[in-house]
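Visitor: Hi, I'm new to this one. Can you walk me through how the helices pack?
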Amino acid sequence: MPNRSRGVALTILAMLLALMALSNFGKPFAHNPGVGFVFLGMRLSGAANMIVAPIFGAILVVYVYGILAMRKFALPLGIFYAAYVIVNMPLFIFRYHGTAVMQEHSWAYLVPYPFVAIGVSSGAAWLLYRRRADLR
């Protein structure tokens, strides 16, 4: 019988993704105009932010459940989310390079953030792929 324990690394990555889901659910209620869900490189506000941010929050909740329960649907969801993050990051940078939006954040945030975001999303998908025989 295959080992179905998800392990420490997948558990930690699932918890980090759960925090991202919470962050997405909170974005429509932020009082700071600089906070909004970034969709395909564009920071959303208003009605678009109120619709898209909770949708991605819900996707992440389902993904986290899939990781924690070691469900097969978690793998394609993880690949989708990792690809989305990898595409979203450079689109945001290209769109807002040299603008006030980029100046809202310090370099101490802007430099490591893509590595963390891509590392967590891709790392979870990669670990799920390696453990695909254990998914049920």
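Guide: Sure: the crossing of α1 and α2 is left-handed, a term used when the near helix is turned anticlockwise from the far one by less than a right angle. This is a predicted model, where local features need pLDDT of at least 70, side-chain atom pairs count only at pLDDT 80 or more, and totals for chains, interfaces and linings use all residues. Residues are numbered from 1 along each chain as its sequence is written, and side-chain values use heavy atoms, with hydrogens and water left out.

Visitor: At what angle do the axes of α1 and α2 cross?
Guide: Roughly 160 degrees, and the axes of α1 (residues 7-26) and α2 (residues 46-68) come within 8 Å. That makes α1 roughly antiparallel to α2 (angles over 145 degrees count as such).

Visitor: Which residues make the contact?
Guide: Among them are Leu10, Ala14 and Phe25 of α1, with Ala53, Phe56 and Leu68 of α2. Contact means heavy atoms within 4.5 Å.

Visitor: Changing topic, where is Asn88?
Guide: Asn88 is in helix α3, which spans residues 74-96.

Visitor: Is Asn88 buried or exposed?
Guide: Asn88 counts as buried because its relative accessibility is 10% (buried is under 20% relative accessible area, with a 1.4 Å probe and protein chains only).

Visitor: And what is Asn88 in contact with?
Guide: Leaving aside neighbours within four places in sequence, Asn88 contacts Val38, Phe39, Leu40 and Gly41.

Visitor: How do α3 and α6 cross?
Guide: Their axes come within 8 Å and cross at roughly 160 degrees, with α6 covering residues 112-130. The crossing of α3 and α6 is left-handed.

Note on methods: Axes are lines fitted to C-alpha atoms, for helices over the stretch in contact, and angles run from 0 to 180 degrees between N-to-C directions. Helices (H or I, at least four residues) and strands (E, at least two) are DSSP runs, numbered from the N terminus. Angles under 35 degrees count as roughly parallel, over 145 as roughly antiparallel, 65 to 115 as roughly perpendicular and the rest as oblique. Buried means under 20% relative accessible area, exposed over 50%, partly exposed in between (1.4 Å probe, protein chains only).
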